[in-house]
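Let's take a friendly walk through the pockets of this protein. Have the model open and be ready to pick out residues as we go.

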Amino acid sequence: PFTYLNVMDKDGLSRLVVEHGITRIIHNASILSAVGEQNPQRGIELNTTAIENVLEVARMYNLRVLAPSSIAAFGPSSPKENTPDITIMRPTTVYGITKVYGELLGDYYHQKYGVDYRSLRYPGIISAAMPGGGTTDWAIHIFYEALKHGKYECFLSEYTALPMMHLRDCINATVSLLNADNADLKQRTYNVSAFSLRPNDLAAAIRTHIPSFEVTYKPDFRQQIADSWPSSIDDLNARRDWGWQEEYDMASLTEDMLREVEEYLKSH
Ligand code: VAH
């Protein structure tokens, strides 16, 4: 079953939960990092009100909630490499600030009301679906441009390493945490990542399939956002507590993405 819902409408969310006997919510509705910096007030309003509504409805109806956070919850003063789950978190985007707020509010609802809140700090998620205004969108656009035009102008510098994962690994991690036994969870929010990815490395991987592929680099406002985030993430707690394990590395992701994007372009 599928229906539309405005996540700002708490009563509408409550009605949906009651009418459909909902027991779990995966809350993905959010304004992402780049779009959020172009309209900060809209990002603050939606991202905070949405998580508040989801947690309140979860409290009222005893729901299990998986409300993803992001590596964007870290900032320039967080450790840059192998960033741990628990560390300094002073993000410099409204997206990151609202993600830290969501994590802290989720912990509060868990402690005060016993709400079964769980969260994953997603890295950049790579799939053939068009991205929604994030700073990691380059890792999707590059495949479309490689297949359509044989060249791509990247909005980050070639050496900007960011944690990433394939969408299938993201879904597997989400379902694994959602189904994990509470007794196995030693924290409510976990880092997850499959590998760190730099634009020049992905360009080289694509060139093993499309030798003539050319990339130029023209950093824009998103470079400053990317520079404030970790280059790599420590997700050992997720691997230990509930068995997180990625399937895709950069090479297998590249093969899969070229195949999926080619399929998409044939039918659109
Ligand atoms: C963004 N794709 O770029 C999202 C993600 C780690 C980044 O949260 O905003």
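**Two pockets and what lines them**

In this predicted model, helix 6 provides the largest share of the lining of the largest pocket, namely 5 residues. Helix 6 spans 167-179, and it is joined in the lining by strand 3 (69-70), helix 4 (94-113) and strand 5 (124-126), each of these four elements supplying at least two residues. Try colouring these elements on your screen.

Now turn to the space they help to line. The largest pocket has a volume of about 800 Å³, and 31 residues make up its lining. To find its centre, look for Asn28, Leu32, Tyr95, Tyr122 and Ile125, which lie nearest to that point. What is the chemical make-up of the lining, in nonpolar, polar and charged residues? The lining of the largest pocket holds 17 nonpolar residues, together with 12 polar and 2 charged ones.

Next comes the second largest pocket, which holds about 490 Å³ of space. Its lining consists of 17 residues, and Thr3, Leu5, Leu13, Leu16 and Ile22 are the closest to its centre. Two elements give two or more residues to this lining: helix 1 (10-20) and strand 1 (24-26). Which of the elements gives the most to the lining of the second largest pocket? That is helix 1, with 4 residues.

The chemistry of this second lining can be read in the same way. In the second largest pocket, 12 of the lining residues are nonpolar, 4 are polar and 1 is charged.

Note on methods:
Residues are numbered from 1 along each chain as its sequence is written. This is a predicted model: local features need pLDDT of at least 70, side-chain atom pairs count only at pLDDT 80 or more; totals for chains, interfaces and linings use all residues. Side-chain values use heavy atoms; hydrogens and water are left out. On a 1 Å grid over the protein atoms alone, a cavity is a set of points where a 1.4 Å probe fits but cannot get out, and a pocket is an open set with protein on both sides within 12 Å along at least five of seven lines; lining residues have an atom within 4 Å of a point. Grid points are joined across faces, edges and corners, and a volume is the space filled by probe spheres set on the points. Ala, Val, Leu, Ile, Met, Phe, Trp, Tyr, Cys and Pro count as nonpolar, Asp, Glu, Lys and Arg as charged, and the others, Gly among them, as polar.
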